[in-house]
Every structure is written in C-alpha cells, then in structure tokens.
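Student: I have a model open and some labels to go with it. Can we test each label against its definition?

Tutor: Yes. Bring up the structure and ask.

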Amino acid sequence: MRVERLRLTDFRNYAHLDLTLPGGLIVFTGRNAQGKSNILEAVTLAATSRSFRTTNERELVRWGAEGHFARVEVTAERRRDQVQVEVVVSDNAPLVATGAGALPQPPVSLPRKRIRVNGVARRSMDLIGQITVVIFSPSDLDLVIGSPGERRRFLDLTLCQVHPSYCRTLSQYQKVLLQRGALLRRIRDGEETPQALNFWDEQLTTLAAPIMRERAMFLEQASEAAARVYAALAHDEGDEDEDDENTERDENDQDASENDQVRNSGAQTVPDQQHQLQLVYRPSYDGDISGGMADVIAGMRARLGELRRREIAQGANVLGPHRDDLAFLAGGIDLSIYGSRGQQRSVALALKLAELDYIEHETGDQPILLLDDVLSELDTQRRIDLLQAVRPLDQVLLTTTDAASLPSETLAYAHRYRVRNGGVIEARA
Ligand SMILES: Nc1ncnc2c1ncn2[C@@H]1O[C@H](COP(=O)(O)OP(=O)(O)OP(=O)(O)O)[C@@H](O)[C@H]1O
Ligand SMILES: [Mg+2]
C-alpha cells in the first residue's frame, strides 16, 4: 500500500501541509529540525494511532495553534481499495487567563483523541491494521541491545497490526496480570487464601497460551526473511579492511598469497550457516508450546502450581508472556551481547524488514516502510544493500539530511522532496 495524500493541520511544526505522494522511494531531504521526521510521525499516527516518538500526545499540537488540536489526514491506496484516516489530537490546554496573552478556550466537547476511518468514528483498536507501516529509526537499535520490554513491544505492535484478536487477548491478559498481582500481594499479607489463585491461574494460562503461540509462529515465519536480509546486509563481513579489488582477487585466485590466507582464514573456514541470523523465541514458560492449546494451558498451570510459593513471596506474576524475550543468534553467538554495533544495526534492520514481509504475507497488503535517518548510521556498502533490498517495495518514505548519502543510481529513480521549516516542496533532480 502507499500514502497517496497526507494533510496536516497544526501538527508539530506544520501549520498546514497538503502533500500528494507517488509510490516507490520517496526521499525527504532537509537540514536538521526542519520537519522530516514529523512527516513520518504523522503517518505512523494515522496507522497505529500512536506516535513512534512520544507518549505525550500534547507534543503533537503545534505550539500556539489556535484550535488546540493537531489533525492528520491520510488517504492510502491499498491493494484492493482506498482508505481515509483522520486522527485529531487535542492538547486539552488548561484555561489560563494571562491578561493580554490569554489563550482561546478549546472546544469543550473535543475528546483528547478522535479517530475517523472513511468518515466514521472509530476506537484506536479498530484503527490499527487499516494502514500498516513498518518504521525504522536509529533508536530501533534498542530492539537488539535494549531491555526485553523493547522486544515484547515490537512483537505486540507487529502482531496487533495483523491480528486484532491478538490485541484483544493481550489487553485482557494485562488486566488479569494486574488483578492477579494484587491478589498475590493480599495472599502474602495474609488477607486472602492461596485457593483464590486457582481462578486467576486459569485466566492467566488461557490468555497466555494463544499469545505465546502467535509470537512463536510469527518468529518462525519471520526468521527466514530476517536471515535473508541480514545475509544481504552483512555479506562483506570479514572483508572489512579489503577494497573491492582485493575481495575479488581472493575469491577468484586459489593461490592467494600466504599472508592473505592467514588474514582471511577466520572468515573462510567459517561455514556460511554460522553467519546465518536466527530469531529465537525465549518464552518465560519453558514447556512445550507446539502441542494443542489445551496441553499448553495444562502444562503452564502445572508450572504455576510449582511456582506458587515463590509468586506469593514476591507478590508478583513471574510466569507468562509479560516475561518473554527474543534472542538474535548467529553461529550460536548472541548478537545482542557480542555483536558489533554495525552487526546489531543490521539485525534491527533485518528484523524490521522481516516484519514487513510477515505483515504482507498475513494481510495480503504490503506495509509502507518508513526509514527515519538510517543511512547516516550505515557504511557505504550497507547503504547500497539496504536500498537494493527495499527497491521493489510499494512505497518507502526515507528521511536524510544529506541527499549525497544516497548512491547516484538511487537518486535517479527516487522521488525527492525538500523539507524546510514546516514546508515541503518537490525537488526536481
Ligand atoms: N508541537 C510543536 N510545535 C511546533 N514545532 C514543533 C513541535 N514539536 C516539534 N517541533 C519542531 O519541529 C522541528 C523538528 O522536526 P523534526 O524532528 O521533524 O526534524 P527533522 O527534520 O527530522 O530534523 P533532524 O534532521 O534533526 O532529525 C523542531 O524544530 C522542533 O522544535
Ligand atoms: Mg529527524
């Protein structure tokens, strides 16, 4: 799918923007702080009802906006139809009377966030999945090196975009966790008997099983695509110090000099498979989750029985998808710990492109890929490889401060836009 038209009103540093976009690679160039990332943020808001940068949605409303709200309208072309999404966020400004500078009163009836899909009011949960996006920005390195919570958020956001039932189950699960946690603390304090847990154990396991199952299936499916992308991005690893000429000679010349053999022996003796990226699901429940749902639930309940004393002592839920993690292995090595920064960045990118593949496979529509400021973090070869990998996609919105960081071949087919101080103009090469 692709964004066909984007309209902004008082969103971040845009008072008004009305932009019609083609498919393919769209490159937004401009100096720092001009509004490039704001455009990608607006698109993610229309897709997920959330900003990828902030949880404080007041920030989205342009400073001094008279209406105290920001509006994002996106018309997206999907494979089979078109969809129009409107998200309005209000800053709920308090009524401050500061003499001459008194701010106008915000419309009383306006809720904090209002969503319309094709003109009909919807809840956030019903918006998700209408327009799908995959966003990659430098902070996504945290997917690899950050806390397990970052990885769970990634899993949840991906699966919610695809399976509304996953989202519903997850939100019920979170409520159960709260209730069960409170109960565990009451039991610890002698205000309740442990028998009261039986009901909540059943609730927890019944909801946990499908969540774990979906996560496992996603990772199994995404593993192949992630490995493919990672291999494409890391193909020159081990030859880091070589220039192209040398690399070519090493490959073609069986009688490479002794020195070269010594220098490259590490890379040459490592079988290809050892470089292959594997996404490994690490659920906190270590029993078998591949069997029937009833078996998983039963197994997990038995495990909860074994953990009961500990859970009561800690006053916390210690087993379940809220404690899951995800590992990135290559040749048995955990790249979150031992990978170089460049490798970790490649893992994060591979994961995101695998997410795109998965969403397309599951929904039949390809998400829009948003690449915020990622080129500056990659070496020249990885830049070329990445741009090559995303070339066939329906639409890619990419921001960069420096158009020269794009290979000239890419610039030849890219659609370029200049962003300057809350304005966007199409740039003719
Ligand atoms: N609510 C707001 N009202 C007005 N301006 C805002 C608001 N929020 C952010 N801005 C401004 O928007 C500008 C930044 O926009 P954005 O993050 O899109 O920049 P950018 O072009 O991506 O820059 P960089 O290259 O540094 O990433 C900043 O000047 C910031 O002060
Ligand atoms: Mg930016």
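Tutor: Start with E6 and strand E7 (residues 120-122), which pair in the antiparallel sense over three bridges. Keep in mind that this is a predicted model.

Student: How do you know that E6 and E7 count as paired?

Tutor: Pairing needs at least two bridges. E6 and E7 have three, so they pass the cut-off of at least two. Val 117 stands opposite Val 120 in E7.

Student: What lies between E6 and E7 in their hairpin?

Tutor: Two residues. Asn 118, in the turn, has a positive phi of about 50°.

Student: What makes E5 and E6 partners?

Tutor: Five antiparallel bridges join strand E5 (residues 82-90) to strand E6 (residues 113-117). The cut-off is at least two, so the pair qualifies. In E6, Arg 116 is the bridge partner of Glu 86.

Student: Why are E9 and E11 called edge strands?

Tutor: Look at the sheet order first. It is an open sheet of three strands, E9-E10-E11, with antiparallel pairing. Strand E9 (277-282) and strand E11 (333-334) each have a single partner strand, so one side of each lacks a neighbour in the sheet.

Student: How many bridges join E9 to E10?

Tutor: Six, and the strands run antiparallel; E10 covers residues 325-330. One bridge partner in E10 is Ala 327, set against Val 280.

Student: What makes you say that helix H6 packs on this sheet?

Tutor: Contact means heavy atoms within 4.5 Å. Helix H6 (residues 197-233) touches E9 and E10, and its direction makes about 165° with that of E9. The scale of such angles runs from 0 to 180 degrees, so the N-to-C directions of H6 and E9 are roughly opposed.

Student: Why is the pairing in the six-strand sheet called mixed?

Tutor: This open sheet has the order E8-E12-E13-E3-E14-E15. E8 and strand E12 (residues 368-372) pair in the parallel sense over four bridges. Strand E14 (residues 415-420) and strand E15 (residues 423-427) run antiparallel, joined by five bridges. Both senses occur, hence the word mixed. Strands of a sheet can pair either way through backbone hydrogen bonds.

Student: Which strands are at its edges, and what is the average twist?

Tutor: Strand E8 (133-136) and E15 are the edge strands; each pairs on one side only. The twist averages 20° from one strand to the next.

Student: Which residues mark the pairings at the two edges?

Tutor: Phe 136 stands opposite Leu 371 in E12. Glu 426 in E15 is the bridge partner of Tyr 417. In the hairpin of E14 and E15, two residues lie between the strands, and Asn 421 takes a positive phi near 45°.

Student: Which helix packs on this sheet, touching E8 and E12?

Tutor: Helix H11 (residues 341-363). Its direction makes about 175° with that of E8.

Student: Now the ligand. How do you know that Asn 32 makes a polar contact with ligand 1?

Tutor: The test is a pair of N or O atoms within 3.5 Å. An N or O atom in the side chain of Asn 32 is 2.9 Å from an oxygen atom of ligand 1, so the pair passes. A polar side-chain atom of Ser 37 lies 2.8 Å from a ligand 1 oxygen. At Glu 59, a backbone N or O atom lies 2.8 Å from a nitrogen atom of ligand 1.

Student: How much of ligand 1 does the protein bury?

Tutor: 78% of the 650 Å² that ligand 1 exposes when taken alone.

Definitions and conventions:
Residues are numbered from 1 along each chain as its sequence is written. Chains are lettered from A and ligands numbered from 1 in the order in which they are written. This is a predicted model: local features need pLDDT of at least 70, side-chain atom pairs count only at pLDDT 80 or more; totals for chains, interfaces and linings use all residues. Side-chain values use heavy atoms; hydrogens and water are left out. A polar contact is a pair of N or O atoms within 3.5 Å; within protein, one must be able to donate a hydrogen and the other to accept it, and residues adjacent in sequence count only if both atoms are side-chain atoms. Accessible areas come from the Shrake-Rupley method with a 1.4 Å probe; for residues, only the protein chains shown count as cover.
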